[in-house]
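Trainee: I am new to this structure and would like a close look at a single part of it. Please take me through one hairpin and the side chains around it.

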Amino acid sequence: QVHLVESGGGSAHPGGSLKLSCVASGTIIGDIDMGWYRQTPGKQRELVGTVISAGAFIYLDSVKGRFNISRDNARNTVALKMDRLKFEDTGVYYCAARRPDRRWSLYDNWWGQGIQVTVSA
């Protein structure tokens, strides 16, 4: 069983930065695909980006150029660095791992508990 725990959330002002971390247990993150999702008010949970063997990729257009995903295999952690934060980045951010025999899926992923990010003046 894969267990994921996020940390580093909190509050920031517009234009500020936050870094989220996700520690994995029950697996070696270098062996599986990891990712970050978020759920902002009024929206369904959406994929922000992933880090896989081929590299790190941001998929959410609204955060491209501002967010970056990285992996530290030695610490078995995945990070989401968020710069130039905007009000609309407010939401709950989830670390996720893709089951080896499944696609990325809201129903099939392994999930962290989620962590709140609030961008306010």
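Trainee: How many bridges join E4 to strand E5 (residues 46-52)?

Mentor: Happy to help! This is a predicted model, in which local features need pLDDT of at least 70 and side-chain atom pairs count only at pLDDT 80 or more, while totals for chains, interfaces and linings use all residues. Residues are numbered from 1 along each chain as its sequence is written, and side-chain values use heavy atoms, with hydrogens and water left out.

Now to your hairpin. Five bridges join E4 to E5, and the two strands run antiparallel. A strand here is a DSSP run marked E of at least two residues, numbered from the N terminus, and two strands count as paired if DSSP finds at least two bridges between them. As a general point, strands of a sheet pair through backbone hydrogen bonds, either parallel or antiparallel. To place one of the bridges, find Met34, whose partner in E5 is Val51. Between E4 and E5 the hairpin has six residues, and Gly42 takes a positive phi near 85° there.

Follow E5 onward and you meet another hairpin, in which two residues separate E5 from E6. Strand E6 covers residues 55-58 and pairs with E5 in the antiparallel sense over four bridges. Val51 appears again here, with Ala56 as its bridge partner in E6.

Next, look at the rings. Tyr37 lies in strand E4 (residues 34-39) and Trp104 in the loop between E9 and strand E10 (110-111), so their pair ties together parts that are 67 residues apart in sequence. The two rings are 6.1 Å centre to centre with 55° between the planes, which makes the pair tilted. For these pairs, the rings of Phe, Tyr and Trp (its six-membered ring) must have centres within 6.5 Å; planes under 30 degrees apart count as stacked, over 60 as edge-to-face and the rest as tilted. Tyr37 is buried, with a relative accessible area of 5%, whereas Trp104 is partly exposed at 24%. Buried means under 20% relative accessible area, exposed over 50%, and partly exposed in between, using a 1.4 Å probe and protein chains only.

Four aromatic pairs turn up in a search of the whole structure, and ring pairs link Tyr37, Tyr94, Trp104 and Trp111 into a cluster. Arg45 meets two of these rings: Arg45 lies over the face of Tyr94, at 3.6 Å from the ring centre, and its charged end sits over the ring of Trp111, 4.5 Å from the centre. A charge sits over a ring if NZ of Lys or CZ of Arg is within 6 Å of the ring centre and within 35 degrees of the ring normal.

One more link belongs in the picture. The structure holds one disulfide, a term for a pair of cysteine sulfur atoms within 2.5 Å. Cys22 and Cys95 form it, with their sulfur atoms 2.1 Å apart. This pair links distant parts of the chain, as Cys22 is in strand E3 (residues 18-25) and Cys95 in strand E9 (residues 91-97), 73 residues apart. Both Cys22 and Cys95 are buried. Strand E3 also belongs to an open sheet of four strands, in the order E1-E3-E8-E7 with antiparallel pairing.
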